[in-house]
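Welcome! Here is a short tour of some aromatic residues and of one cysteine. Have a look at the model first, and then read on.

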Amino acid sequence: MNRNIPKMHMPMQKNPAAAIIFMLFLMLAYLITTVGLMILAFLLFKFPMEESAVSVGIIVIYIASTFLSSFICGKKCKSRKFIWGLAIGSAYFIVLLLLSLVVNESVVALGTNVATSLLICAGSGMLGGMLA
């Protein structure tokens, strides 16, 4: 593993490597989401599930992906871990919102309450950074 990862003590404007590392951890969050959704789809294929169970599964995947990605990012950051976690969770939500708008032309795919989805993503990301 590369030990020359720059520490993210400086803001992204002064340290372009921090922006690249941030994007890598955001991509990690979406990789975790992809794996989680594939597992959920397999479970849905094998076992009959109600719509409420699928909704809970999607929310758990949101929480797990932002938490794990922010936790790992917090381990690498060394300072302001909760800010990096909050940034990852918020960016995760923004990308999710934009994809929902492009694909569905509405935010229905995020659930009935967009603010709740934002709080879930940003909060679990911040918690992951704090616990790192």
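A good place to start is a single aromatic cluster, formed by Y30, Y62 and Y92. Please keep in mind that this is a predicted model.

How many aromatic pairs are there by the rule used here? The count comes to four. One of them joins F22 and W84, and because their planes are at 50°, the pair is tilted. F22 belongs to helix α1 (residues 16-46) and W84 to helix α3 (residues 81-104), so this pair ties together parts that are 62 residues apart in sequence. Is F22 buried or exposed? F22 is buried, with a relative accessible area of 9%. W84 counts as buried too, at 9% relative accessibility.

Back in the cluster, Y30 and Y92 form an aromatic pair that is stacked. That pair also links distant parts of the chain, with Y30 in helix α1 and Y92 in helix α3, 62 residues apart. Both Y30 and Y92 are buried.

Here are the two pairs side by side:

| Pair | Centre to centre | Angle between planes |
|---|---|---|
| F22 and W84 | 6.2 Å | 50° |
| Y30 and Y92 | 4.5 Å | 20° |

Now for the cysteine. C121 sits in helix α4 (residues 114-131), and at 0% relative accessibility C121 counts as buried. Which residues does C121 touch, leaving aside those up to four places away in sequence? They are Y62, T66, G89, Y92 and F93; two members of the cluster, Y62 and Y92, are among them. C121 and S65 are 56 residues apart in sequence, and their C-alpha atoms are 8.9 Å apart in space.

How values were computed
Residues numbered from 1 in each chain as written. Predicted model: local features only at pLDDT ≥ 70, side-chain atom pairs only at ≥ 80, totals over all residues. Heavy atoms only, no water. Phe/Tyr/Trp six-rings, centres within 6.5 Å; stacked < 30°, edge-to-face > 60°. Helix = DSSP H or I, 4+ residues; strand = E, 2+ residues; numbered from the N terminus. Buried < 20%, exposed > 50% of the residue type's maximum accessible area, 1.4 Å probe, protein only. Contact = heavy atoms within 4.5 Å.
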